[in-house]
Amino acid sequence: MRTAVVVGAGMAGLAAAGALAREGWQVTLLERGERVAAPPTALVLWPNGRRALDSLDPDGGWPGIAAPLPDGGVRRPDGQWLVAPHTRPGAGPAPAVVHLEDLYDALVAGLGDGVDIRTGVEISTVRARRATRPAVGDGRTLFEADLIVAADGIDSPVRRALAPEAAAVGSGFAAWQAVIPGYRAPSLPPDCAAGGETLGAGYRFVSMPLGERAAGRGGIYWVATAAGAPRPEPAATQLALLRRWFASWHAPVGDLLAATRPEDLVPQEVRELRPLPRAYGFRCGTGGVVLLGDAAHAMPHHLGQGACLAFEDAATLRSLVATAEPGPALHQAVEEYDRARRPRTATVVRQSRRMSAVVQARGRLALRARDAALGSLRPRILGHAHGLAADWQPPD
């Protein structure tokens, strides 16, 4: 029996564990927390993410929980259009937004009986020597397998052991996310859409409707970013700050912040890996270790590609190891995974960093230059990123 250990039960780890189990692998899924739980936020699934999920689990129930993502255009804080709403370029399935609670439920349901879930396991040791099977341990138990999949996020102890050159650093932004449930969502006039993006001087606000069935409650998802370090204050104080910072912005920004409660707020520091790891696959023993998701390529979230690339990782890995037996065949699959994923993710990371420069513009001259260029810059940047997303196809 081929064995795999997946470290991390976030979206990437759940997707990889379920896919490997469906290919006949015996999978152990390790989670640092005491339970597998979704953050109370949402996620945009671009065409590449949707294709990857379809490839990972063709019978999964996630399409039924996703809502279409309208293009609400880009405005200035005073409501003036910088880029009017338009039909998104490219082909492929339309972008969609999904509540993470619903997506986690679908991914957990797809694990089946072939996955042994262990919670409360914090990895402290990593073994990746050429002559022995790869293993990870928490100081009490050593988990050996033919394949170790590190899907344990930007602070991955597995990556730190194998690719210490990749450091987690701040991107210069703080971010806040929230989902306003449907029963508390503000009533908006027909000409005041709940979805759209607004760019200010170092500030950004994005909102999108979740559809009526999201987490059983519907609602509206919003994300705010501000240049600078994360705030140390309690959630209620941070929410008050957001309301003050965005007080003069066009509707419905103020309405959405007013409808948000402190317990809805999810603050986070926007971090990334600099440089990216020198490799995503490390052969050893009967197989090897691979890095997946944020453990491999955490990036600024301004293009919303982090989770979609993680699903691509999982779909690529599934395809390469589906029939690979421990030994030379699995060694080759680990090396092919590295060759397939590093150029792809490096390209998207570069695009995300370019978009960071657009969002980070501050000062009168910088803002004038950004606003003047945005009509052509945004379609070029986002159109290229959308093309990257739309053109990606799961491996056979």
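1. A quick term to start: a cavity here is a set of grid points where a 1.4 Å probe fits but cannot get out. This is a predicted model, and it has one cavity of 30 Å³ or more. Its volume comes to about 120 Å³.

2. Who lines that cavity? There are 15 lining residues, and R22, L53, D57, A106 and L107 lie nearest the centre. Helices α1 (11-22), α2 and α3 (100-109) each give two or more residues to the lining, with α1 giving the most, four. By type, the lining splits into nine nonpolar, four polar and two charged residues.

3. Have a look at α2 (residues 47-56) while you're there. Nine of its 10 residues are buried, among them R50, R51 and L53.

4. Now for the aromatics: the whole structure holds six aromatic pairs. In one of them, W176 and W245 meet edge-to-face, 5.8 Å centre to centre with 70° between the planes. That pair joins strand β13 (residues 167-180) to helix α5 (residues 235-245), with the partners 69 residues apart in the chain. W176 counts as buried because its relative accessible area is 3%, whereas W245 is partly exposed at 24%.

5. W245 also pairs with Y203, this time tilted, at 5.7 Å and 55°. Y203 belongs to strand β15 (residues 203-209) and lies 42 residues from W245. Y203 is partly exposed, with a relative accessible area of 24%.

6. Zoom out and W176, Y203 and W245 turn up in one aromatic cluster, which also includes F205, W222, F246 and W249.

7. One last contact to check: the charged end of R75 sits over the ring of W81, 3.9 Å from the ring's centre.

Definitions and conventions: Residues numbered from 1 in each chain as written. Predicted model: local features only at pLDDT ≥ 70, side-chain atom pairs only at ≥ 80, totals over all residues. Heavy atoms only, no water. Buried < 20%, exposed > 50% of the residue type's maximum accessible area, 1.4 Å probe, protein only. 1 Å grid on protein atoms, 1.4 Å probe; cavity = no way out; pocket = protein on both sides within 12 Å on 5 of 7 lines; lining within 4 Å. Points joined across faces, edges and corners; volume = space filled by probe spheres on them. Nonpolar A, V, L, I, M, F, W, Y, C, P; charged D, E, K, R; others polar. Phe/Tyr/Trp six-rings, centres within 6.5 Å; stacked < 30°, edge-to-face > 60°. Lys NZ or Arg CZ within 6 Å of the ring centre and 35° of its normal.
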